[in-house]
Amino acid sequence: MSMSPLNERVVAPDVTAVPTDAPGLRWRPAVADDVDAVTALYKRMAKADHPQWSETREEVASEFGHPWVDLARDSLLAETAGGELVAFGQVVLPPAQETLVRSILFGGVDPAHRGRTIGRQLLGWQYSRALQQLAASAKPLPGWVMAYTDERNQTAQHLYERFELTPARYFVQLERVVAEPIDQVALPDGVSIVPYASDMSEAVRRAKNAAFQDHWGSQPSTKEQWQRMLLDLPSFRPDLSFVAVVQGEVIGLAISEVFEHDWEAQGFRSGYISLVGVVREWRRRGIAPALLGRVLESYRAAWFDKAQLDVDTDNPTGALRLYTGMGFTPTTREVSHTRVF
């Protein structure tokens, strides 16, 4: 059944009303010079909501600088008269919309300033801005408003549900002790696992897009997204990343990132496997476990204690079973709250 364009299905306000300034508090859009303050705010929030990790300055700067983000329209912060940042929100509409149009909400409120309706006001503004973004699209695709939160943050979950953003998917973080034995996996004839190299970047991007096209909520990465959201970040570790190739074609990938600033809070040295994927026609032939095995070996050589990754619990490829079968164990869960139009 054909679908009418989003701009005919989504009713959005003409103007996104900024919350009324409370005594000692003012609201304004973010600017590039707010990167450090927002990073510090995220760290304070992380201690209360997900103490094992927090966003880096480089990640915040990247989110501020994306060409598909207009900070003047897509961000809002609240600060005290003395300039202390107490809340921040951003609404991001990524490019490359092939099967859906997503408007994703980021941000939150300093734990010391919660319980003052600041979060409700911020989310109300974000939700209105998200509707504007969806309503600006003439594509005949589903429109999603999305927000993610750690399952332990019950306050945020209740707030999202007030705006009809209901739990749609759960993503569990898994960990594995690197020193544990790593099973050797036989590869199909002609397939080899090789270290990532910069001249493979475009082939790896295309393989990632092909591998993730049947994953919930996933959309293809453009060349610019791939560069800005992975390759340009200091967390990306090409020396700990591997690809599967056959006759010069990339058919699988395992990409690593390292967040050393999280090690103290975690209590161990870790590597994070941010992407694992195999193109559909090569699945269930041992390629994914072989890639993971090479990554684990590289982590052991780097003297890491643990490997970490996140997975959709309803992943259609059976990834959760694969990881737990290789010794990964669940730790925390993140919830995707979504409203579909």
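Me: How are H2 and H3 oriented to each other?
Reply: H2 and H3 are oblique to each other, since angles under 35 degrees count as roughly parallel, over 145 as roughly antiparallel, 65 to 115 as roughly perpendicular and the rest as oblique. This is a predicted model, in which local features need pLDDT of at least 70, side-chain atom pairs count only at pLDDT 80 or more, and totals for chains, interfaces and linings use all residues. Residues are numbered from 1 along each chain as its sequence is written, and side-chain values use heavy atoms, without hydrogens and water.

Me: At what angle do the axes of H2 and H3 cross?
Reply: The axes of H2 (residues 35-49) and H3 (residues 57-65) cross at roughly 125° and come within 9 Å. Axes are lines fitted to C-alpha atoms, for helices over the stretch in contact, and angles run from 0 to 180 degrees between N-to-C directions. Helices (H or I, at least four residues) and strands (E, at least two) are DSSP runs, numbered from the N terminus.

Me: Which residues of H2 and H3 meet?
Reply: Val35, Asp36, Val38, Thr39 and Tyr42 of H2 meet Arg57, Val60, Ala61 and Phe64 of H3, where contact means heavy atoms within 4.5 Å.

Me: And which residues of H3 are buried?
Reply: Val60, Ser62 and Phe64 are buried in H3, that is, under 20% relative accessible area, with exposed over 50% and partly exposed in between (1.4 Å probe, protein chains only). The buried residues of H3 pack against H2, helix H4 (71-74), strand S3 (85-92) and helix H8 (223-231).

Me: Turning to H5 and H6, what is their packing angle?
Reply: H5 (residues 118-135) and H6 (residues 154-162) pack at about 45°, their axes 10 Å apart. H5 is therefore oblique to H6.
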